[in-house]
Amino acid sequence: MDYTYYPGCSLESAHSSYSDSVKSVFKYLGSNLIELEDWNCCGATAYMSVKETMSFAISARNLALAEKHDRDVVAPCSACFTILSKTNRYLKELPEFHEKVNECLKEGGLTYNLTVKVRHPLEVLINDIGLETIKAKVKHPLDGLKIANYYGCQIVRPEKGFDDRENPMTMDNLFEVLGATNVYYPFKVKCCGGMLMTTYEDVALKLSKEIIASAVENGADCIVTTCPLCQMNLEGYQGLINKKYNTNYNMPILFFTQVLGLAFGLNEKELGIDKNLTESIKFNGSLINR
Amino acid sequence: MKIENIKIPGKLSRTEEDLRQSFLKQLETVPNSEKIKSCIQCGTCTGSCPVSYAMDISPRELIALFRAGDMETLLNSKAIWVCASCYSCQTRCPSLIKVTDIIYALKRLAMEKGIYPPKFPVHSLSETFVSVMNRFGRLHEPLLMVEFLMKTNPTKLFGLMPLSLRMAKRRRIAYIPSRIKDLQGLKKIIKKAELMDAPHVAEEAQYLKGAIGYGAVSKETVLESKK
């Protein structure tokens, strides 16, 4: 099946590893991701706090562009996924607002008729491709790999999404099928601090530290996430956390598609694992060093 | 029920009432935002909030203060800027109040009024984000960080050097910003949207000039009161 791919700004640079792995996994499973032509920034949470109509209008431009094709939009970045879904729902629920936003879009020669579906790759994998098909394609089962599944905030909240808001299970189910062990992990939907890492570092370091500490405590080999910002906070700032709290964490933080790709036998380059900052990851009982 | 018809407990001064009206206007674009009147003060929001320990006013108190009509305290609080927007409060609220979206509305109103707590640069981050995005149509993260830190905390740029170098080594920094083709079209959309957002601003401008109403919480008076 074909999908319209919305990478988002973060997946173009700091998290191209996520983009690499999503594309490789979808290709391996026989699905095409066709990049949305001339997409713009979704606005993320920062834009929301400045101007309301504007934030929805720029987000809706992407939906209007996607509407030209009869395909669902796949957005791997948690923030993009939430913002695009939120825009979609607000425009549906508030007809007056929809009219207003369409007036803005008209200036750019576009209109949006509310027909686009915004989806997350995790949900597409489970619902469109299916666990059975995925299981059949596994080349290296994840036997012995202990995973802390970290969903973060944005794919489970605030929109009524594809999974439970307090105890989501899609990723757990996926990795169970692949042979991995999901450790007990009470921090699976706790906040990592998000953009506070740049504005209020003390608070964000504390939140991120708790997330890593809980994974270590429960014996996880790695934390697996769906969100670029979480990945950055947990991986990039791990050194600062160690410094501040006098700890010695060396926890690999992987995207769920990277782990999935390893099970499919895809190589590190295809999965962008060579771009991760942690030095090694444990896989099939042995360490993969870079 | 329309937002304008919400019963306001207690009698309010002209300033507060105007502030409330402006705030309620901000809320108009949030579906179901009128639920704010059905808060039962149970504190689930505060209990769920991962950053409430660092707030001067808890999320529960934010709603209580709004209902009591004390907008000025709300807009001057540090709490609205501490919110990390994780939506825990909003998903757990038994009265279905859109707590996070309400905090966004408070931030927008505070920014319109030019009220920011000192040394708390959330608004600068938002503004820099918008400025970078408006130039390219996409967000160039390295540029965002550099411009933001130059404005707020240049020494931190050095603190982040080791991380930047490690990221550069792993090919995780794009040096050239990617730019959309139809930037002109996007700019036209933004310009039109700006006009749509403008009515709040125009409405308030007349008050800023006078001694009453919004004048009481304009940037100048806030600065003066801090002297």
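This passage describes the fold of chain A, its nonpolar core and its contact with chain B. The model is predicted; local features need pLDDT of at least 70 and side-chain atom pairs count only at pLDDT 80 or more, whereas totals for chains, interfaces and linings use all residues. Residues are numbered from 1 along each chain as its sequence is written, and chains are lettered from A in the order in which they are written.

Chain A has 13 helices and 10 strands (DSSP runs of H or I, at least four residues, and of E, at least two, numbered from the N terminus). Its radius of gyration, taken over C-alpha atoms, is 19 Å. The globule rule (2.2 Å times the number of residues to the power 0.38) also gives 19 Å for 290 residues, so chain A is as compact as a globular protein of that length. The C-alpha trace spans about 55 × 45 × 30 Å along its principal axes. Of the 290 residues, 59% count as buried (20 or more other C-beta atoms within 10 Å of their own, with C-beta atoms placed from the backbone).

The largest nonpolar core (buried Ala, Val, Leu, Ile, Met, Phe, Trp, Tyr and Cys residues joined through C-beta atoms within 7 Å) holds 148 residues. A57(A) and I223(A) touch the most other members. Helix α3 of chain A, residues 52-66, supplies the largest share, nine residues.

The contact between the chains (C-beta atoms, placed from the backbone, within 7 Å) takes 51 residues from chain A and 53 residues from chain B. Several elements of chain B give two or more residues to this side, among them α7 (99-113) and α12 (183-209). α12(B) gives the most, with 10 residues.

Note on methods: Contact = placed C-beta atoms within 7 Å. Buried ≥ 20, exposed ≤ 12 C-beta atoms within 10 Å, placed from the backbone.
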